[in-house]
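Q: I have a model open here and would like to talk it through. Could we begin with the surface and then work inwards?

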Amino acid sequence: MQTDYDPRAIEAAAQHYWEENQSFRALEDPSREKFYCLSMFPYPSGRLHMGHVRNYTIGDVIARYQRMQGKNVLQPMGWDAFGLPAENAAIKQGIPPSQWTRSNIADMKAQLKQLGFGYDWGRELATCDPDYYRWEQWLFTRLMEKGLAYRARATVNWDPIDQTVLANEQVIDGRGWRSGALVEKREIEQWFVRITDYAQELLDAIDTLDGWPERVRIMQRNWIGRSEGVSMDFAIAGSDQVLGIYTTRPDTLMGVTYVAVAAEHPLAREAATHDPELAIFIEECRQGGTSEAEIETMEKKGYRLGIHAVHPVTGEPVPIFAANFVLMGYGTGAVMAVPAHDQRDWEFAERYGIPKRAVIRSADGAPCGIEQAAFTERGVLFDSGPFDGLTSEQAFDAIADWLAERGKGDKRINFRLRDWGVSRQRYWGCPLPVIKRSNDEVRAETDLPVRLPEDLVVDGSGSPLERMADFYALPNGETRETDTFDTFFESSWYYARYCSADCDTAMLDERARYWLPVDQYVGGIEHAVLHLLYARFFHKLMRDEGLVECDEPFANLLTQGMVVAETWFREDAEGRKHWFNPAEVEAERDDKGRLVRAVLAADGQPVTFGGVEKMSKSKNNGVDPQALTERYGADTVRLYTMFTSPPDQSLEWNDEGVEGAFRFVRRLWSLAIGEAEAIRSATVPTALDEAARDARREIHTALKKALFDYERHQFNTVVSASMTMVNVLYKLEPSPARAGVLREGVGILLRLLAPIAPHVTHHLWRKLGLGEDILGAGWPRVDEEALKQDAVAYVVQVNGKVRGNVKVPADADKEAIQAAALADEQVGKFIAGKTLRKVVVVPNKLINLVA
C-alpha cells in the first residue's frame, strides 16, 4: 500500500477511474429525483484564475453532495466563446479568432479536469459552434415572424477607431475601453428584441424566486423600473406639433418653467439649421456615452432653442432647451422641468437663469425653501390653481383626470427597461439570420445555420464581413446582414441546450422538460442584472415556443464572493503605478498584524501597500491555480477555497492558509493509512467503554452540524467539523472498541469530505476496504443514540473564575448540579467561610457560584 501522500498520482488515478466508469454521465430517469447543478460557463481566455476555481469548486461540491444523496445529477460545462476580447487577442497575435479560441478551450478544459470537477463532458458545448448558434438563429427568425424582433434607428456609443458599437459599460470617461478614442453618439440602424413586452411578467415573477438572494432580486426590480405616471402633451407655440412628455410627478406640473429635449430631438435639429452655435452644441453632445450613469454624473449643459411649449393647464409659454442630460432613446426624448422640486432641474435653472416656481410645501408646515436646493419631497400643493390644497397623492389622480377629460394626457405605466439591442458591428459573433431585399425590406434566412467564416485574420478596422462579398452578396440584388448578435444572446439559453446538446433536429427536445429548471445556479454578483435578466427573458421566449414548460430558468441562485488579495506598488516620476505580485514582496508586521515595513525581495527597496482588492492582471495580485495544483494537489486547492470563508463572502488569499489546508489533507492521509489494517479488520463492537462512547458522541455531534451546514452551503464549517473528527480519532485510546469506532469515524469523515476533497477520499475509501466507489456509498447519517449522554461535565466557576470540574447525570436538575459543585473538594476551598448568594447554571456547560 502507498504510504506517502502523493497528490499527483492519487488524483490522476481517481480522475482516470471517473473517466473510465463515466461516473458523471447524466441520463434521464423519471423514476429518480433529478438535480441540475450549473456554474456560469467561462469565457475561454486560456488560463483559469482563482475566481474560476472558487466558482467551479462551489458548484462541484454541491453537485457531488446531491449525487451522494441519491439524486440523478446533471453538471455540464461549456464555453462562452464569442466576443470582442477574442478579436482583440487574435489581432495582437495575427491569427484568426477561431484558432485562438479553440486553442484556449483545449487548455482550459485540461485545467478543469486537473481540478477533478465532475462534469458530464459529453454535453460540452461552445457558443461559436454552428451546431449551437444555428438554433438561436432559428429562434430569432421565429421572433421576426411574431413581431418580437424588429429594426429601428437608435442612438448608440460609436468608437470611431474600432468602428463598432460599444456597450455602455465599455465607455470609460467618455472614451472607448480598448482604443481610448473619444466615443461618439451615432444614430444607426439596429436590431432589437421586445423584452419590454415581457416587462411586467419579468417583474411579477421576481416574487417567485425564493431561492435567489434578495440583493439580486432588488437589482432586477430596479433595472426593470416600473413606474406609474402621467403622459401628457405640450403644444408647440405657433405650430401644430405637440411634445409628448411622461412624468411620475404630475403633482409638480404647475411648477414647470422650462422643457428640455435631447440634442438629437427633431425640434433641436430643425432649430440648428438656422443657428450655427446650436449646431456646434449638438455636435458636442454627440461626444460621450449614452448610459444613464454617465448622464447622471456629467456637467449639465443646455441651449435655448428660441421656441416655446404651451403649458397644458395654464396655457403659458414655456421655453424649450436642448440639454445633454436628456437621452433620445429614453421615452420621448423630452422632459418637463420643475426646478423648485427636482435637484437636476434646479442646478440647470441656476446655470441658465431660469425661474423657479415652488408649488409643493411640506404637509407638516416645516420650512421648505428652494434658495439652496430643490424641495423634492411630496407634500401639499399651493399656487396650483384648481389643485390647491390637494396632497401630492390626491393631485396625481386629479391632474391626470383633468388632462384626460380635455384629451391632453392620461395615466400610464412605464418601465425603465428598454428593448434589447441585439446587433453588433463586430466579426467574432453569431451572424444575424436576416436578408435585405433590394427595396430595403428584410426577410428571415431559411437556410440555417448562417455560418460565420472562421479562417479570417482580422485587423480591428470594423467587421471584415462588410468587405466579404462572398458572405453578404446574394442573387437577385439581396444582401445578407453583416451584423452579429450581442454575445449575451448566446449566454441566455446555453443552460437549456445542455439538456439536449446532441439534438440536431430541434433547439431543445423532451429531455429539457426533464432537467429544467436548473436547481442550483452559481455565479458572480456582477451578472445580477444583464445576464440573469436576459436568461429569464429568453426562457419565456422558449416557453412560448413550446420548448420548455417551466416559467423560470433557475430555481436557486448562489452568488459567490470575490477572491481578493493584497496589492503592492511603486510610483514612478510621472505618477504611474507599477504593481508587484504579493509573492515578490517581503512584509514585516507587528504582533497585532499591523504593517511595519514592506520591501521588494529583488532589490530590498520599499513598496507601498495598495489595499486588499479583487485578484486581477491590472493589479498583479493574482495566484496561478495551475501552479498551486501542481505543488499541493487539487484537493488542497479545493479544500482551501471552501474552508477560508463562506461561499457568498469574499475570500482573502493567504499563502499560509494553503499550507494549512495541505497539512490537514496529509494528516487525514496519515490517520487513514496508519490505521488501515485496524480499519479493514474491524467489526462492529458489542460494547463500548466510556472513551469510545465519548468519541462517537463527538463525531456524531460534529456530523449533525456538518449535515446542517451542507444544506446551507456553509462549506467552511463543514471542513471545521471534519477537522474536529480527525482530532477525535487521533486521540482514541487503545480498547477493544477502538477499531470499530475508527472504522465508523473514518467512514463518516471520508464521505463528509468527498464533495470537497474528492480524490483523496476516493482513494482511501477503496484502500480501506470501505467500498468500491465513495460516490455511491450513500450519505452518512447521525446516530441519535450516540448523541445521548449518561453524564455531563460542568465547568465550575466561583465568582467568575474557573475553580473545578464536576460530572453529573445527564438528567440532573439545578439543585443536583449545585450540590455536586459544592461537594467538590477543590471548589470548597474557594467558598469556605463565605455566603452563597447566587447560583447560575448554563445547561450542559458551566455553573457559576457567586459567594
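Q: Sure, so how much area does the chain expose, and what share of it do carbon and sulfur atoms supply?
A: The chain exposes about 38000 Å², and carbon and sulfur atoms supply 48% of that area, with accessible areas taken from the Shrake-Rupley method with a 1.4 Å probe. This is a predicted model, in which local features need pLDDT of at least 70 and side-chain atom pairs count only at pLDDT 80 or more, while totals for chains, interfaces and linings use all residues. Residues are numbered from 1 along each chain as its sequence is written, and side-chain values use heavy atoms, with hydrogens and water left out.

Q: What percentage of the residues is buried?
A: Of the 851 residues in the chain, 53% are buried, where buried means under 20% relative accessible area with a 1.4 Å probe and protein chains only.

Q: And which residues have the most contacts inside the largest nonpolar core?
A: They are Tyr36, Phe140, Tyr495, Leu516, Met542 and Trp653, in a core of 172 residues; a nonpolar core is a set of buried Ala, Val, Leu, Ile, Met, Phe, Trp, Tyr and Cys residues joined through side-chain atoms within 4.5 Å. The largest share of this core, 10 residues, comes from helix α20, residues 655-674, helices being DSSP runs of H or I with at least four residues, and strands runs of E with at least two, numbered from the N terminus. A second, separate core has 54 residues, including Met232 and Phe348.

Q: What does Tyr495 touch?
A: Leaving aside neighbours within four places in sequence, Tyr495 is in contact with residues including Tyr36, Leu516, His539, Met542 and Phe554, contact meaning heavy atoms within 4.5 Å.

Q: Switching to empty space, what is in the second largest pocket's lining?
A: By class, that lining has 14 nonpolar, 15 polar and 10 charged residues; Ala, Val, Leu, Ile, Met, Phe, Trp, Tyr, Cys and Pro count as nonpolar, Asp, Glu, Lys and Arg as charged, and the others, Gly among them, as polar. On a 1 Å grid over the protein atoms alone, a pocket is an open set of points with protein on both sides within 12 Å along at least five of seven lines, a cavity is a set where a 1.4 Å probe fits but cannot get out, and lining residues have an atom within 4 Å of a point.

Q: Which helix gives the most to the lining of the largest cavity?
A: Helix α3, residues 84-93, gives four residues to that lining, which divides into three nonpolar, six polar and four charged residues.

Definitions and conventions. Buried < 20%, exposed > 50% of the residue type's maximum accessible area, 1.4 Å probe, protein only.
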